[in-house]
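Colleague: I'm new to this one and would like to learn how to read it. Could you walk me through it?

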Amino acid sequence: MSGEALCPGCGVVLPEFDGPTHPYIGASPACWALYGELLAYEYGELGYPECHRLTVDAYAAQHPGKREPRSIRSVATHLSGLYLVLERGFDGPAATALKNRVVEAKPGFKWLNPPATDGALTAQDVLEMRSEMPHCDAVELWARSVWDTWELHHSTVRVWVEDALEKVGQNNLRTPDGLPKA
Ligand SMILES: [Zn+2]
């Protein structure tokens with residue numbers, strides 16, 4: 001129980017922690033515990049805020065793990081969620097509903113080589129920003145910084161989502177501010 005360990009996903013360095021982690025989300029046990037703390041804060045004190053799904057999408061996209069069917073599906077699904085909120089401007093519940101439609105349409109999800117996460121915010125930063133700004137603002141900053149690290153794959157994610165929405169007849173949806181789709 002001495003020393004520090006680097007999280008293979010987000011790169012945060014935390015004191016070594018002897019605990020569980022997720023079977024295919026690639027997080028160190030200490031980072032996974034921190035994520036648990038973040039979720040507990042959202043479920044408890046904040047009463048399940050509107051940005052909760054964005055928290056889940058950001059964390060999973062930032063911890064892609066190793067190439068295997070479960071992680072391919074997970075990373076692709078959560079990147080689709082980030083795209084719907086950050087690029088298309090849907091709010092949490094609408095983005096979640098559309099994300100489910102995308103997955104149902106079975107786009108040809110494939111493994112995307114994970115980017116370096118240098119410079120992106122982490123779940124630890126979000127917890128530390130609690131005193132500085134509303135929680136959902138911090139989550140959006142975090143999610144945006146994670147989405148930016150995946151820039152090389154943005155066009156792939158866009159095609160997955162837009163093709164899938166077209167397939168299920170949802171492609172003409174407008175964003176809440178009235179902008180046409182990207
Ligand atoms: Zn991490």
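Colleague: How are α3 and α7 oriented to each other, parallel or perpendicular?

Modeller: Start with the angle between the two axes: anything from 65 to 115 degrees counts as roughly perpendicular. In this predicted model, helix α3 (residues 69-87) and helix α7 (residues 154-167) pack at about 85 degrees, so they are roughly perpendicular to each other. Their axes lie 10 Å apart.

Colleague: Which residues make the contact?

Modeller: Look on each helix in turn. From α3 come Ala76, Leu79, Ser80, Tyr83 and Leu84, while α7 brings Val157, Arg158, Trp160 and Val161. Sorted by character, that's seven nonpolar residues, one polar and one charged.

Colleague: Okay, now zoom out. What pattern does the protein follow along the sequence?

Modeller: Just read off the elements in order: β-β-α-α-α-α-α-α-α. That makes two strands and seven helices.

Colleague: And how compact is the protein for its 182 residues?

Modeller: Here you compare the radius of gyration with what the globule rule gives. The protein comes out at 16 Å, close to the rule's 16 Å for 182 residues, so it is as compact as a globular protein of that length. Its C-alpha atoms fill a box of roughly 55 × 35 × 25 Å along the principal axes.

Colleague: What share of the residues count as buried?

Modeller: For burial you count neighbours, and 39% of the 182 residues qualify. You can also check how far apart in sequence the partners of a contact are. Taking contacts between residues at least 6 apart, 63% join residues at least 24 apart.

Notes. Residues numbered from 1 in each chain as written. Predicted model: local features only at pLDDT ≥ 70, side-chain atom pairs only at ≥ 80, totals over all residues. Helix = DSSP H or I, 4+ residues; strand = E, 2+ residues; numbered from the N terminus. Rg over C-alpha atoms; globule rule 2.2 N^0.38 Å. Buried ≥ 20, exposed ≤ 12 C-beta atoms within 10 Å, placed from the backbone. Contact = placed C-beta atoms within 7 Å. Axes fitted to C-alpha atoms, helices over the stretch in contact; angles between N-to-C directions. Parallel < 35°, antiparallel > 145°, perpendicular 65-115°, else oblique. Nonpolar A, V, L, I, M, F, W, Y, C, P; charged D, E, K, R; others polar.
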